[in-house]
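Me: Please take a close look at how side chains pair with one another in this model. I would like the reasoning laid out step by step, with the surroundings of each pair included.

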Amino acid sequence: MPLKKNILANYLGQGWSAVMGLAFIPVYIQYLGMEAYGLVGLFAVMQAWLALLDMGMSPTLNREMARYTAGAHSPQSIRDLLRSLEMICFSLAALIALGVWAASGYLASDWLKADKLPTAVVAQALSVMAFVVALRFVEGIYRGSLFGLQRQVWYNAANAILATVRHGGAVVVLAWVSPTVQAFFLWQALVSVLTIAVFAAGVHRVLPKSPLPPRFSREALAGVWKFASGMMGITFLALLLTQVDKVLLSRLLSLESFGYYMLAATVASVLYMVVGPITAAIYPRMVELSTQDNQTALVSVYHQGAQLITILIAPAVMLLSFFAEGIMFMWSGSVNLAENTAPILSALALGTFLNALMGMPYQCQLAHAWTSLPIKMNLVAVVVLIPAIFWVVPRYGALGAAWIWVALNAGYVLIGIQFMHRKLLPKEKWRWYFYDLLLPISGAIGVMLLVQQFQPSIHQDRWHWLVFLLITGILALVASTVLADRIRPRLLAIMGRSLHWHIREP
């Protein structure tokens, strides 16, 4: 499948899924209340931590499926690997469900600080949540397989439909069946069962039949254990970096205050929806080029991907940084919600932006199966993060935790990137800094500084804010694109072909 089609499909599919996930959050809060939405935020944290138990299975399948398309696997070996990891994954999912269910009473009574929800209701919601989390865990191995096989158009079409059912159906359940957090999670469980069935069928239909029935194979696992263990180490440290603040805040803050923090984190995480479609489409291609030792093509894809990430994410980040309160008001219609989340959102958006800029360098390291550098970088960051959390959060609360996230990711961009370029792309560091990052970002910042004086009052109607943000975002996107030397010529060429086609139309 051509790279452009995969990127476009990822944006359409994942973009729609993100819209579904965000559009109904104010409705969830309306029916459940802010305290119950804090449980939904805890659900997101639990899903993130369970990525550790994935043990590198999803990224390993992604890479090995891509290597299969490049001729590195036979039908028998790739099916044996898939079956082996399926058996491990389903066994872990059962343990996850039982473990969270067993701990639900303690979490409800001793860990979470619920003021309005009865402890029994919180415990029941956590019990259902345990089953949902286990199912979402299983989804990962099939998602990784489909991306590695470059079946991204099919995946995104299916995922968009399932996301509509997941989020739209939840609103129907809350409005007409039962406006409770238990009913919310029961619906999530039903949709996850359907999702696993659809994705598993998609993977097994694409892979060719093997001479022998697929089986659990120690040999297949032995061939990937080094990469998988490296990915597990990276995942563990990355989870500490991205989730330890949320774990501590769930203990230190009231459930309502934690809900506000998680709401800001959810909105900031939308930025990954800009990066994810690009890295997901480019990574299998980089694996192929690395396997074939085609360095020239690899460098070209690397810079194109890095610039594309910057010009698409910089306008969104600058909007969230400069106009966070207006964005939250336009989205929710609540001035109180906007005032409580805007300062946290501005800081989290900036930190997420810096993290997202490392997307292409990180994919390049994985394409070369070089996992030791990310592990070392994350280990240093964790050593700094844990003491910083204990010192900052009691003094400055949630906002202090958000600014720690900014400082850590600034260290990645300024220090960590030096080691990656020195080994893999020794002549490309300054091109990455200047042409891929600095120039496109400066265009977006320039637009924000110019239009800041024209922003509407926070109490004006939401339509004024929507129009203002749309116009500002488009202007920032144009400015960033004009300053991107690798993307601008391609875009002009596409526009030129389109214009030529229209002129030739009878």
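Reply: A helix is understood here as a DSSP run of H or I with at least four residues, and helices are numbered from the N terminus. The model under discussion is predicted.

The charged pairs come first. Three salt bridges are present in the structure. In one of them, the side chains of Arg 143 and Glu 139 meet at 3.2 Å, N to O. Both residues belong to helix H6 (residues 119–148), and because they are four residues apart there, about one helical turn separates them. Glu 139 has a relative accessible area of 2% and is therefore buried, whereas Arg 143, at 27% relative accessibility, counts as partly exposed.

Glu 139 also takes part in a salt bridge with Arg 166, at 3.4 Å, N to O. Since Glu 139 lies in helix H6 and Arg 166 in helix H7 (residues 152–176), this pair ties together parts that are 27 residues apart in sequence. Glu 139 and Arg 166 are both buried.

Another salt bridge joins the side chains of Arg 431 and Asp 485, again described from N to O, at 3.2 Å. Arg 431 lies in helix H18 (residues 429–451) and Asp 485 in the loop between H19 and H20, so parts 54 residues apart in sequence are tied together. Arg 431 is partly exposed at 26% relative accessibility, and Asp 485 is partly exposed as well, with a relative accessible area of 24%. Through shared partners, salt bridges connect Glu 139, Arg 143 and Arg 166 into one network.

The loop that holds Asp 485 also contains Leu 483, between helix H19 (462–482) and helix H20 (487–504). Leu 483 is partly exposed, with 32% relative accessibility. Together with Ile 474, Val 478 and Val 482, Leu 483 forms a nonpolar surface patch of about 330 Å² accessible area. Membership in such a patch requires over 30% relative accessible area and no salt bridge.

Helix H7, which carries Arg 166, is also the place of Ala 170. Ala 170 is buried, with a relative accessible area of 0%. Leaving aside residues up to four places away in sequence, the contacts of Ala 170 include Tyr 28, Phe 184, Trp 187 and Gln 188. Tyr 28 is in turn one of the buried residues of helix H2 (residues 25–32), alongside Ile 25, Ile 29 and Leu 32. These buried residues cover an arc of only 95° around the axis, which means that they lie on the same side of H2.

The aromatic pairs complete the picture. Eight of them are found in a search of the whole structure. The ring centres of Phe 184 and Phe 185 are 5.2 Å apart and the planes stand at 80°, so this pair is edge-to-face. Phe 184 counts as buried at 4% relative accessibility, and Phe 185 counts as buried at 0%. Phe 323 and Phe 468 also form an edge-to-face pair, with 5.1 Å centre to centre and 85° between the planes. Because Phe 323 lies in the loop between helix H13 (295–322) and helix H14 (324–332) and Phe 468 in helix H19, the pair ties together parts that are 145 residues apart in sequence. Phe 323 and Phe 468 are both buried. Ring pairs further link Phe 322, Phe 323, Trp 465 and Phe 468 into a cluster.

Definitions and conventions
Residues numbered from 1 in each chain as written. Predicted model: local features only at pLDDT ≥ 70, side-chain atom pairs only at ≥ 80, totals over all residues. Heavy atoms only, no water. Patch = residues over 30% accessible without salt bridge, like charges linked within 9 Å, V, L, I, M, F, W, Y side chains within 5 Å. Areas by Shrake-Rupley, 256 points an atom, 1.4 Å probe, with all protein chains shown as cover. Salt bridge = Lys/Arg side-chain N within 4 Å of Asp/Glu carboxyl O. Helix = DSSP H or I, 4+ residues; strand = E, 2+ residues; numbered from the N terminus. Buried < 20%, exposed > 50% of the residue type's maximum accessible area, 1.4 Å probe, protein only. Contact = heavy atoms within 4.5 Å. Arc of directions from axis to C-beta. Phe/Tyr/Trp six-rings, centres within 6.5 Å; stacked < 30°, edge-to-face > 60°.
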